[in-house]
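Work through the exercises below with the structure in view. Each task is followed by its solution.

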Amino acid sequence: MNYEEIREGKVKCLVPSEYKIKVSSELPVFYNPRMRFNRDVTVASLKAYAKLFKKSFTACDAFAGCGIRGIRFAKEVEECRKIILNDIRKQAFDIILKNLELNFGKKPEVNDDKAKLAVEKKEIIVENKDANVLLHENFSKIDAVDVDPFGTPAPFIEASIVALRNDGLLMVTATDVAPLCGVYPKACRRKYDATAYRADFMHELGIRILIGFILRISARYDKVIIPLLSLSKDHYYRVFLLTKRYGAGKVDRWLSNLKYVKHCHCGYFVISEDNKKERCKICKRELLISGPIWTRELHNEKFIKKAGKDVLGKLYEILLGEARPDAPIFYYNIHKRCKKLRITPPGINEIVEEIKSRGYFACRVHFEKEPCIKTNISLKELEMILKTRQK
Ligand SMILES: C[S@@+](CC[C@H](N)C(=O)[O-])C[C@H]1O[C@@H](n2cnc3c(N)ncnc32)[C@H](O)[C@@H]1O
Ligand SMILES: [Zn+2]
């Protein structure tokens, strides 16, 4: 196997040269350059977490691959004092040791299947275990857990919640977007104990199903989660959640934020406490019912501001719009609505301004490549605006 050195953030890393031909789980040690944004936002989020919640903390990169993520935590986040890097593959464990030496100029001390390195006032530990075993062994000892497996994170959520201390940060990547957003309803039922059908707002639906699933697992441990930042990007979702230990009554109240969305192919949708069958108010067809979904905020404004514009780039302003407390759940896909009306879509900013001038809420969203709008205007009135403003 050939390895070559790459640079990202403040670190250097040996990665398999094959990544340039094909990135897949078949690589002996995993590295995906397309996930750089994911790692950049994670580093920024850990810095934001330190400013808002914990002055110094322990982090665990439970699916470390070549180690680039965990080594970035060590190099770039001053407040991150202890870091555990773990991967189930022996080849990954071995390359993590080499990458630590490359970045810190010191060989980790190896004892059987565990290694330690003390550098720059930090303690770095490398493990070679199944993540669930490692996380259970670290019951209530870790402040920030990064879950970044291949495909679904579902089998690793419970152990992550167990490992987290109070006011912990749970960071989860899900690359099984298709089941979550309604493309494979049976897989969604199996993995997330939830139902998802296709909708115009498919990626917000997927994220709300993922968060709902994590909340139901947290509740078993009298913990709740508070979303700080939720992203839909390329082929994955990424959520940053604060976990809090609450009394039973408060956890029950938090669970009441789990609801359903009833939606129709015509574009109509409504949030509902129940999942009883209902007909569409507009076209009278039977509504599809997706959920349970998390129905409160997906982001925290302060957290986005601390994570910063530098790393979030053009998403920054859009995320702040979505983070507003009066932003409604879900959105309309302007292209799809216009296609149905057989008209050419007007500019997105023009529609947002027109809706606002009529006294309603409107903002753009980051979830889809196509232009979409969150608004509390009715579908009927939105379609009238689209018709009068068409190009
Ligand atoms: C998507 S890669 C991680 C990439 C890495 N976080 C990064 O940013 O470059 C998933 C990694 O999880 C490891 N893995 C898969 N199942 C695991 C398990 N049950 N426990 C621990 N590691 C596991 C794989 O060997 C692989 O290196
Ligand atoms: Zn309808």
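Helices (H or I, at least four residues) and strands (E, at least two) are DSSP runs, numbered from the N terminus. This is a predicted model, in which local features need pLDDT of at least 70, side-chain atom pairs count only at pLDDT 80 or more, and totals for chains, interfaces and linings use all residues. Residues are numbered from 1 along each chain as its sequence is written, with chains lettered from A and ligands numbered from 1 in the order in which they are written.

**Exercise 1.** Describe the protein chain as a whole.

Start with the elements: the protein chain has 15 helices and 17 strands. Next, its radius of gyration (over C-alpha atoms) is 22 Å, close to the 21 Å from the globule rule for 391 residues, so the protein chain is as compact as a globular protein of that length. The rule is 2.2 Å times the number of residues to the power 0.38.

**Exercise 2.** Check the length of helix α3 and find its buried face.

Helix α3 covers residues 90-104. The expected span is 1.5 Å times one less than the number of residues. For 15 residues this gives 21 Å, and the end C-alpha atoms are 21 Å apart, which agrees.

A residue is buried if 20 or more other C-beta atoms, placed from the backbone, lie within 10 Å of its own. In α3 the buried residues are Ala 92, Phe 93, Ile 95, Ile 96, Asn 99, Leu 100 and Asn 103. Seen down the axis, the directions to their C-beta atoms fall within an arc of 170°, so these residues line one face of α3.

Finally, look past the helix end: Gly 105 follows α3, with a positive phi near 65°.

Key:
A residue is buried if 20 or more other C-beta atoms lie within 10 Å of its own, exposed if 12 or fewer, and partly exposed in between; C-beta atoms are placed from the backbone.
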